[in-house]
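Subject: Structure handover and notes

Dear colleague,

Here is the structure I promised to pass on to you, with the sequence alongside. My notes on it follow below.

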Amino acid sequence: MTTQTDTPLAEPAERRSWLREHSELGVCALLLALGVLVLTDALTMDVDIAQRGPVGPKTVPIVVGIGLLVIAALLAVDVLRGGRGQAETGEDIDLSEPADGRTVLLLAGVFLGAAVLIEPLGFPAAGALLFWGAAFALGSRRIDRDPLIAAVLSLVTYAVFNNLLGVPLPGGPLMGAL
């Protein structure tokens, strides 16, 4: 015989069990929110299409936003049909070890530094520092090669975005040289 006090206690436990079994729906919700955000930003972007041509700065964000929405829907359907993500089976990953906090903090510092320096230094210099700092944080110690690769990668990225795609990036002091 059940009493009314037993029923409310059983429902939250069942709800938590269902949520635990379908935890991937949280990833679906995140993908959905990101897709909506990207599409909203892309569709409200102020761009004169006559100046940019048929493929302009809106094209890639719209494709990415639609892709995020489609992936969110497909993943939600899979999870609700009983699909589950596979457990990590990587040979080089030991899940019993904690995350490398030093590397994470170094990368966060490099990204924050690049974000702060992009206006005063411009993208080529800030991007080179970003690429070099990320390589250093991830373990590369080739001081003879890494800065050169970072500088070339940053300049190529700047040229592709600024000249080919028509997405203006701050050039900084190097604006006249490029």
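In which helix is the place of Ala 150? Ala 150 belongs to helix H7, which covers residues 146–164. Please bear in mind throughout that this is a predicted model.

**The chain as a whole**

The secondary structure of the chain consists of 7 helices and 0 strands, and read along the sequence it follows the pattern α-α-α-α-α-α-α. Of the 178 residues in the chain, 21% are buried. Among the contacts with a separation of 6 or more, 61% are between residues that lie 24 or more positions apart.

**Ala 150 and Asp 146 in H7**

To return to Ala 150, its relative accessible area is 3%, and because a residue counts as buried under 20%, Ala 150 is classed as buried. When its neighbours within four places in sequence are left aside, Ala 150 is in contact with Ala 128, Phe 131 and Trp 132. The C-alpha atom of Ala 150 is separated by 8.7 Å from that of Ala 135, a residue 15 positions away along the chain.

Asp 146 also lies in helix H7, and with a relative accessibility of 9% Asp 146 counts as buried. Again leaving aside neighbours within four places in sequence, the contacts of Asp 146 are Trp 132, Ala 135, Ser 140 and Arg 141. Trp 132 is therefore a residue that appears in the contacts of Ala 150 and in those of Asp 146, if you would like a place to begin looking at the model.

**H5 and H6**

Which helix packs with H5, and at what angle? Helix H5 (residues 101–121) packs with helix H6 (residues 123–137) at an angle of about 175 degrees, and their axes are 8 Å apart. Angles over 145 degrees count as roughly antiparallel, so H5 and H6 are described as roughly antiparallel to each other. On the H5 side the contact includes Leu 106, Val 110, Phe 111, Ala 114 and Ile 118, among others, and these residues of H5 meet a set in H6 that includes Phe 123, Ala 126, Leu 129, Leu 130 and Gly 133. The residues of this contact divide into 15 nonpolar, 2 polar and no charged.

Helix H6 has 15 residues, which should span 21 Å at 1.5 Å a residue, and the 20 Å between its end C-alpha atoms agrees with that. The buried residues of H6 are Phe 123, Pro 124, Ala 126, Gly 127, Ala 128, Leu 130, Gly 133, Ala 134 and Ala 137, and they pack against H5 and H7. After H6 comes Gly 139, which has a positive phi, near 115 degrees.

**H2 and H4**

Helix H4, residues 59–80, has 22 residues and reaches 32 Å from its first C-alpha to its last, close to the 32 Å expected at 1.5 Å a residue. Its buried residues are Gly 65, Leu 68, Ala 72, Ala 76 and Val 79. Viewed down the axis of H4, the buried residues fall within an arc of 70 degrees, so they line one face of the helix. The face of H4 turned away from that buried side carries Val 60, Val 63 and Leu 74, which are exposed. Helix H2 (25–43) is included in what covers the buried residues of H4, and H4 is followed by Gly 82, with a positive phi near 110 degrees.

H2 has 19 residues and reaches 27 Å from its first C-alpha to its last, close to the 27 Å expected at 1.5 Å a residue. In H2 the buried residues are Cys 28, Leu 31, Gly 35, Leu 39 and Ala 42; seen down the axis of H2 they fall within an arc of 65 degrees, so they line one face of the helix. These buried residues of H2 pack against H4.

**Pro 170, after H7**

Finally, Pro 170 is found in the segment that comes after H7, and with a relative accessible area of 25% Pro 170 is partly exposed. Not counting residues up to four places away in sequence, Pro 170 touches Ile 118, Glu 119, Gly 122, Phe 123, Pro 124 and Tyr 158. The C-alpha atoms of Pro 170 and Leu 121 are separated by 8.3 Å, although the two residues are 49 positions apart along the chain.

With best wishes

Conventions. Residues are numbered from 1 along each chain as its sequence is written. This is a predicted model: local features need pLDDT of at least 70, side-chain atom pairs count only at pLDDT 80 or more; totals for chains, interfaces and linings use all residues. Side-chain values use heavy atoms; hydrogens and water are left out. Helices (H or I, at least four residues) and strands (E, at least two) are DSSP runs, numbered from the N terminus. The expected span of a helix is 1.5 Å times one less than its number of residues. Buried means under 20% relative accessible area, exposed over 50%, partly exposed in between (1.4 Å probe, protein chains only). The arc is that of the directions from the helix axis to the C-beta atoms. Contact means heavy atoms within 4.5 Å. Axes are lines fitted to C-alpha atoms, for helices over the stretch in contact, and angles run from 0 to 180 degrees between N-to-C directions. Angles under 35 degrees count as roughly parallel, over 145 as roughly antiparallel, 65 to 115 as roughly perpendicular and the rest as oblique. Ala, Val, Leu, Ile, Met, Phe, Trp, Tyr, Cys and Pro count as nonpolar, Asp, Glu, Lys and Arg as charged, and the others, Gly among them, as polar.
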